[in-house]
Amino acid sequence: MTTLMETEDEVMLRDAARGFVAESAPVAKLRENRKAGRAFDPGLWREMAQMGWSGVLVPEVCGGAEMGHRAACILAEEMGRTLAASPFLSTAVVAASTLRAVATDRAGTALGQIAAGDVIYALALDEGRKYAPESTAMQAERAGNGFRLTGVKPLVADGSAADRVLVLARTAGAPGDAVGLTLFDIDAARAGLTRDRLDTIDSRDHARLIFDAVEATGDDVLGEVDNGLAVLRAGVQAGQAAMAAELLGVAGGAYGMTVGYLKERRQFDRTIGSFQALQHRAAHLWAEIEVTASAIANAGRVLDKTPQDAQLAVSLAKARAAQTVDLAVREGVQMHGGIGMTDDYDIGFYMKRARVGAEWLGDYGYHAALVAAARGF
Amino acid sequence: MADTDATLDAFRAEISQWIETACPASLRGRAMGEDMIVWGGRQWQFAEPAQKEWLDAAIERGMTAPRWPTEYGGAGLSRAQEKIYREEMARLQAPPPLESFGLWMLGPALLAFGDDAQKARHLPPITRGEIRWCQGYSEPGAGSDLANVQTRAEDMGDHYLVNGQKIWTSYADKADWIFALVRTDREAPKHKGISFLLMDMESAGITTRPIRLISGKSPFCETFFDNVKVPKENLVGERNRGWDIAKYLLTHEREMIGGGARGLLGGRSLGQFLGGLDGAMDDPVTRAEAMACEVNSLAFAMTMERYKDQAEAGQGVGNASAMLKYYGTELNKRRYELLMNAAGSEALEWDGPHGGLAPEWLRTKANSIEGGTSEVMLDILAKRVLELPNS
Ligand SMILES: Cc1cc2nc3c(=O)[nH]c(=O)nc-3n(C[C@H](O)[C@H](O)[C@H](O)COP(=O)(O)OP(=O)(O)OC[C@H]3O[C@@H](n4cnc5c(N)ncnc54)[C@H](O)[C@@H]3O)c2cc1C
């Protein structure tokens, strides 16, 4: 019987992860990173790799911990709780799942490097305001035995720290066609590729990637030419589920801070948490988080058991998470009053990360539409 | 002279002619961010010479304070004329020549509660943008429970001696004067021991420390008072009756915040903004939300006007004005959520393809906190308008 209840191993993993991020990556660390002008701490990422986090989805034969998607989601959720910054989603989740699905020798080597924490990946898909990979216009022109990539990816997560980039480009058809796209795995230092680090509201690593006739060989192609979206499916779905889990953690973190404040702040000679108007809203938020937690657990389970049929589960998770975290951060700021608006206080960081995460790999509207379609609407 | 259709038509023609001549074309129809607001004050620097030209012209005609009496630098317009003026300003896409806490808050309070000397001294410099005011209400222990202010003013015979601390004082570091709530009687019940005091920010003993907002800017401050000597003539109204003035001023502040004084993204409407984002309205969630925002905004704008007309006709709306603050700010936050959602990944940088959209969105989160939170507004409505019992 599958259950959404956590197994003993999962409870242990969660406790360990929660303890680790509380100790090594509290929100104060994000503040520190921001001050230092860096998006994450490479030392922290190395420690995560040593604990097997970077190899959470890498097969044991490649040197990974092979813990599965539910485990990856638990890690992402706990990182979300303290806004721990790392290239986990791009590298350990999206790139690892994509490479695993490709299953070539070269992919196997890359997976080993991911598990060892030796390589950081970024995923360069979107070119417009919204997640819409089929709209990709970037050209991969055939040149001799290889390709030449030209175009712009305006906002790539982990784009400036990445050693390698998974990039989707058009080898046939026109923007809007789901076929005719090819996925490349290229070295970020390759000639013709420029990267501009962007100053995003969540203080995390984002960069604009400009490809100017960047050379790619046939070996750089992941999976089939012209069939890049299918090649990416496993990686994207894993990423969507893990981001949903991170957002659940962000919601939980914001909720925790807020309820803590309700118990502490006094006005009118009582704690503000004694006002029923606030009690009911906090209780409602808690209910939303509980319901979302089920959708997140389910997505992990389905990805582990029947990954070929996971779209409904994954989209349900991302849609719920985007809505829930939005409520959590809005209520969080509001229930803090003036102090919630200050940069010195942490709740604003949650609001900013929530906004960025809600967009990545599809927002609420995108995923709600997929849920509706999967349910026959 | 009573307004008639004929006099109002003539006024409309004249005032629109005046705006067209007085407000430089370079200021009109432009996206005006927060950086383009003209606040005035001793430290003021105009971003552009055209702003000074426009302000000077407006001062000359009393149009920085259209409804104030001419003797204090206003234009003495009637309610109907002022409405026409605002309509013409909107039609010609002219920015307000001057905005300030003096115009929005202190001025109306002084007109109602100040003595002749206070009005003559403080109102004209407000209309001319010479003195910039800040609001010293909130304290660390007195936010929603505003009547709990502890900053105290002791009567020293020929002056008051002020000690204490304010917090969240918007623009205190840029202001010339502060209007503050101070405790003048520590024995009396909370509401009955408060006075309304004006202080020159250059007085010895006043210091400010800016606090950064989540939007990255630092418009508000902690303000400290350490043995500040304040002349007795700076107390407005009766001593220990400051709470009435405080509340009166708050209704003006709340209407201003609720009205969201500035349009979206410096004057662009929701439709204009969304129309500029190719395909944004194809997403059914965005479309439904945009339609809801538009429906609500239009009906809300009508409600603002209806309430103002009622107030003018002497049928005070009283505590119902808390509804304007609540509704307007919640609506404004929702509109910015919609814009952020529609702009998607283009709005995730501090300064991206849509300029300062992200910081503006973050700033709107304060709308339902500053000037009294949404919860406090609903509380006022429940208790004072719906007359529901206390718990
Ligand atoms: C951007 C900004 C600018 C500001 N500018 C100024 C300024 O220029 N001058 C000035 O004096 N002040 C200013 N303020 C302060 C503002 O007026 C206060 O923040 C506000 O009144 C709330 O007080 P607080 O911050 O202490 O929150 P608290 O009163 O501690 O409130 C915390 C939460 O508890 C809720 N709550 C409190 N009491 C109740 C209740 N009885 N029932 C239900 N819920 C309740 C609140 O609604 C809020 O959600 C500014 C604030 C901001 C954010």
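These are my notebook entries on a predicted model, covering the ligand site, some salt bridges, the domains of chain B and a surface patch.

**Entry 1: the ligand**

I started with the ligand and asked where it lies. The ligand sits between chains A and B. I then listed its surroundings and found 28 residues around it, with A:R265, B:S144, B:W168, B:T373 and B:E375 coming nearest.

Next I looked up polar contacts. The side chain of B:S144 has an N or O atom 2.6 Å from an oxygen atom of the ligand. For B:E375, a polar side-chain atom is likewise 2.6 Å from a ligand oxygen. B:S138 uses its backbone instead: one of its N or O atoms there lies 2.7 Å from an oxygen atom of the ligand.

I also wanted to know how much of the ligand the protein covers. On its own the ligand has 980 Å² of accessible area, and the protein covers 96% of that. Which elements give two or more residues to the shell around the ligand? I noted helix 9 (311-336) of chain A and strand 3 (159-170) of chain B.

**Entry 2: salt bridges in chain A**

A reminder to myself: side chains of opposite charge can pair when their charged atoms come close. I counted over all chains and got 58 salt bridges in the structure.

I picked A:K130 and A:E359 to look at, whose side chains meet in a salt bridge at 3.0 Å, N to O. This pair links distant parts of the chain, with the two positions 229 residues apart. A:K130 is in the loop between strand 1 (121-124) and strand 2 (139-143) of chain A, while A:E359 belongs to helix 10 (residues 347-359) of chain A. Are the two partners buried or exposed? A:E359 is buried because its relative accessibility is 5%, under the 20% limit. A:K130 has 26%, so I put it down as partly exposed.

My second pair was A:R148 and A:E215, a salt bridge whose closest N and O atoms are 3.6 Å apart. Here too distant parts of the chain are linked: A:R148 is in strand 3 (residues 146-157) and A:E215 in strand 7 (residues 206-216) of chain A, 67 residues apart. A:R148 is partly exposed at 35% relative accessibility, and A:E215 is partly exposed at 44%.

I also found a network of salt bridges in chain A, linking A:E6, A:R14, A:R18, A:R70, A:E77, A:E78 and A:R81.

**Entry 3: a salt bridge in chain B**

I turned to chain B and looked up B:E154 and B:R152. Their side chains form a salt bridge at 3.8 Å, N to O. B:E154 counts as partly exposed at 32% relative accessibility, and B:R152 is also partly exposed, at 29%.

**Entry 4: domains and a patch in chain B**

How is chain B divided into domains? I wrote down domain 1 (5-104), domain 2 (133-240) and domain 3 (244-385). Taken over C-alpha atoms, the centres of domain 1 and domain 3 of chain B are 22 Å apart.

Last, I checked the surface of chain B and found a nonpolar patch of about 270 Å², made by B:V385, B:L386 and B:L388. B:L388 lies in the segment after helix 11 (374-385) of chain B. Why can B:L388 count toward such a patch? Its relative accessible area is 46%, which makes it partly exposed, and a patch residue needs over 30%.

Notes. Residues are numbered from 1 along each chain as its sequence is written. Chains are lettered from A and ligands numbered from 1 in the order in which they are written. This is a predicted model: local features need pLDDT of at least 70, side-chain atom pairs count only at pLDDT 80 or more; totals for chains, interfaces and linings use all residues. Side-chain values use heavy atoms; hydrogens and water are left out. Patches are made of residues with over 30% relative accessible area and no salt bridge: like charges are joined within 9 Å, nonpolar side chains (Val, Leu, Ile, Met, Phe, Trp, Tyr) within 5 Å. Accessible areas come from the Shrake-Rupley method with a 1.4 Å probe; for residues, only the protein chains shown count as cover. A salt bridge is a side-chain nitrogen of Lys or Arg within 4 Å of a carboxyl oxygen of Asp or Glu. Helices (H or I, at least four residues) and strands (E, at least two) are DSSP runs, numbered from the N terminus. Buried means under 20% relative accessible area, exposed over 50%, partly exposed in between (1.4 Å probe, protein chains only). Domain bounds come from an automatic or database domain assignment. A residue is near a molecule or strand if one of its heavy atoms lies within 4 Å of it. A polar contact is a pair of N or O atoms within 3.5 Å; within protein, one must be able to donate a hydrogen and the other to accept it, and residues adjacent in sequence count only if both atoms are side-chain atoms.
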